[in-house]
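Here is a short guided look at one protein model, written to be read alongside the structure. Have the viewer open and follow along at your own pace.

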Amino acid sequence: MIGIEIRYFATLRREGLKKEILSFKDGISVKDLLSEVQIEEKDVAILLVNGIKVSVDKKLKDGDIVSLFPPVGGG
């Protein structure tokens with residue numbers, strides 16, 4: 001098992017959580033992580049792992065920090 005810190009921004013915050021550390025099976029991808037935390041890919045505009053923009057196919061390792069940002073609206 002690996003520990004991943006997930007940081008949620010704006011409308012993606014889950015039950016008021018700004019961040020949490022969860023355990024996942026080794027070799028999990030960002031796409032799998034999104035499924036586990038019940039966030040759809042279309043709801044994430046910016047996806048960072050350790051501060052670097054990545055695709056949902058990125059494999060995660062122990063200690064990674066995943067930041068999830070929703071699309072920004074307004075005008």
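The report below goes from the whole chain to its sheet, and then to a few single residues.

## The chain as a whole

Please keep in mind that this is a predicted model. The protein chain contains 1 helix and 5 strands. Read from the N terminus, these elements follow the order β-β-α-β-β-β.

How does the radius of gyration fit with a compact globule? A compact globule of 75 residues would come near 11 Å, and the protein chain has 12 Å, which agrees. Along the principal axes, the C-alpha atoms fill a box of roughly 45 × 25 × 20 Å.

## Surface, core and charges

Of the 75 residues in the protein chain, 33% are buried. The chain exposes about 4,900 Å², and carbon and sulfur atoms supply 51% of that area.

Contacts tell you how the chain folds back on itself. Among those with a separation of 6 or more, 52% are between residues 24 or more positions apart. As for charge, the chain carries 12 positive and 12 negative charges, and the mean positions of the two sets are 5 Å apart.

## The sheet

If you trace the strands across the model, you will find an open sheet of 5 strands in the order S2-S1-S5-S3-S4, with mixed pairing. S2 and strand S4 (residues 52–53) are the edge strands, each pairing on one side only.

Strand S1 is a good place to pause. It spans residues 2–8, and 5 of its 7 residues are buried, so S1 is largely enclosed by the rest of the structure.

## The two partners of S1

On one side, S1 pairs with S2 in the antiparallel sense over 6 bridges. You can pick out individual partners here: Gly 3 stands opposite Ser 23, and Ile 4 has Leu 22 as its bridge partner.

S1 also pairs with S5, this time in parallel, through 4 bridges. In this pair, look for Glu 5 opposite Ile 65. As a general point, side chains in a regular strand alternate between the two faces of the sheet.

## A closer look at Phe 69

Phe 69 belongs to strand S5, which covers residues 65–69. Is Phe 69 buried, partly exposed or exposed? Its relative accessible area is 24%, so Phe 69 counts as partly exposed, given that buried means under 20% and exposed over 50%.

Which residues does Phe 69 touch, leaving aside neighbours within four places in sequence? The contacts are Phe 9, Leu 12, Asp 43, Val 44, Ala 45, Ile 46 and Leu 48. Take Leu 48 as an example: Leu 48 and Phe 69 are 21 residues apart in sequence, while their C-alpha atoms are 8.6 Å apart in space.

## Two residues with positive phi

Most residues other than glycine have a negative phi. With that in mind, have a look at the loop between strand S1 and strand S2 (residues 19–24), where Ala 10 is found. Ala 10 has a positive phi, near 50°.

Glu 15 sits in the loop between S1 and S2 as well. Glu 15 is not a glycine, yet its phi is positive, at about 50°. With a relative accessibility of 82%, Glu 15 counts as exposed, because the cut-off for exposed is over 50%.

How values were computed
Residues are numbered from 1 along each chain as its sequence is written. This is a predicted model: local features need pLDDT of at least 70, side-chain atom pairs count only at pLDDT 80 or more; totals for chains, interfaces and linings use all residues. Side-chain values use heavy atoms; hydrogens and water are left out. Buried means under 20% relative accessible area, exposed over 50%, partly exposed in between (1.4 Å probe, protein chains only). Contact means heavy atoms within 4.5 Å. The radius of gyration is taken over C-alpha atoms; the globule rule is 2.2 Å times the number of residues to the power 0.38. Accessible areas come from the Shrake-Rupley method with a 1.4 Å probe; for residues, only the protein chains shown count as cover. Lys and Arg count as positive and Asp and Glu as negative; His and the chain ends are not counted. The place of a charge is taken as NZ of Lys, CZ of Arg, CG of Asp or CD of Glu. Two strands pair if DSSP finds at least two bridges between them.
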